[in-house]
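Welcome, and please open your viewer with a cartoon view and side chains ready to switch on. We will go from stop to stop, selecting a few residues each time.

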Amino acid sequence: MEAKAYLKYARISPRKVKIVLDLIRGKDAGAALAILKNTPRSASEYLIKLLGSAIANAENNFHMDSSRLYVSECFVTPGPTLKRIMPRAKGSADRILKRTSHVTIVVKERD
């Protein structure tokens, strides 16, 4: 049995999220929350809420024991990129790519 939580269209680059997800993959849910709370990365704020949601889904929807949960799977995929223009010298323009992310966290119960 597994419980999932999704975060879609987060306004943060997938590259930045992946660094933090690598820290919590395979860890116990409580330890993963502690790691996220002490990691000074902007992706940590998104992931704290997402992991809390996955834990709540496991408890409420599947009646799992929260003390036995661990992060079995977590990954990020790129969402749509917002394209913006920044004026440059001599009337030219540069493109700014504002990237978005879709994040998935899956928690399971240890045997």
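Let us begin with a pair of charged side chains: select Glu 2 and Lys 4, which meet in a salt bridge with an N to O distance of 3.9 Å. Keep in mind as you look that this is a predicted model. Glu 2 counts as partly exposed because its relative accessibility is 30%, and Lys 4, at 38%, is partly exposed too. Now add Lys 108 to the selection: Glu 2, Lys 4 and Lys 108 are linked in a network of salt bridges.

**The strands**

Next, colour strand 1, residues 2-10, together with strand 5; the two pair in the antiparallel sense over seven bridges. For one contact along this pairing, pick Ala 10, which stands opposite Ser 101 in strand 5.

Bring in strand 2, residues 69-78, as well. How many bridges join strand 2 to strand 5? There are nine, and these two strands also run antiparallel. Zoom in on Phe 75 to see one of the pairs: its bridge partner in strand 5 is Thr 104.

Stay with strand 5 and switch to a surface view. Is it largely enclosed or not? Seven of the nine residues in the stretch 101-109 are buried, so strand 5 is largely enclosed by the rest of the structure.

**Helix 1 and its surroundings**

Move to helix 1 and select Lys 18 and Asp 22, which form a salt bridge whose closest N and O atoms are 3.2 Å apart. The two residues are four positions apart in helix 1, which means that about one helical turn separates them. Lys 18 is partly exposed, with a relative accessible area of 46%, and Asp 22 falls in the partly exposed class at 38%.

Now select Ile 24, also in helix 1. Is Ile 24 buried or exposed? Its relative accessibility is 0%, so Ile 24 counts as buried. Show Leu 36 alongside: the C-alpha atoms of Ile 24 and Leu 36 are 7.9 Å apart, with their positions 12 residues apart along the chain.

**A positive patch**

Back on the surface view, highlight Arg 11, Lys 16, Arg 84 and Lys 98, which form a positive surface patch. Arg 11 lies in the loop between strand 1 and helix 1 (14-24), and with 42% relative accessibility Arg 11 is partly exposed.

**Two positive phi angles**

For the backbone, a reminder helps: most residues other than glycine have a negative phi. With that in mind, select His 63, where phi is near 55°, a positive value in a residue other than glycine. You will find His 63 in the loop between helix 3 (43-62) and strand 2. His 63 counts as exposed because its relative accessibility is 69%.

The other residue to visit here is Lys 90, with a positive phi of about 60° although it is not a glycine. Lys 90 belongs to the loop between strand 3 (82-87) and strand 4 (93-98), and at 86% relative accessibility Lys 90 is exposed.

**Last stop**

Finish with Asp 94 and Arg 88, whose side chains meet in a salt bridge at 3.5 Å, N to O. Both ends are partly exposed: Asp 94 has 38% relative accessibility, and Arg 88 has a relative accessible area of 43%. If you would like to hunt for others, the salt bridge count comes to six.

Notes: Residues are numbered from 1 along each chain as its sequence is written. This is a predicted model: local features need pLDDT of at least 70, side-chain atom pairs count only at pLDDT 80 or more; totals for chains, interfaces and linings use all residues. Side-chain values use heavy atoms; hydrogens and water are left out. Buried means under 20% relative accessible area, exposed over 50%, partly exposed in between (1.4 Å probe, protein chains only). Two strands pair if DSSP finds at least two bridges between them. Patches are made of residues with over 30% relative accessible area and no salt bridge: like charges are joined within 9 Å, nonpolar side chains (Val, Leu, Ile, Met, Phe, Trp, Tyr) within 5 Å. Accessible areas come from the Shrake-Rupley method with a 1.4 Å probe; for residues, only the protein chains shown count as cover. A salt bridge is a side-chain nitrogen of Lys or Arg within 4 Å of a carboxyl oxygen of Asp or Glu. Lys and Arg count as positive and Asp and Glu as negative; His and the chain ends are not counted. The place of a charge is taken as NZ of Lys, CZ of Arg, CG of Asp or CD of Glu.
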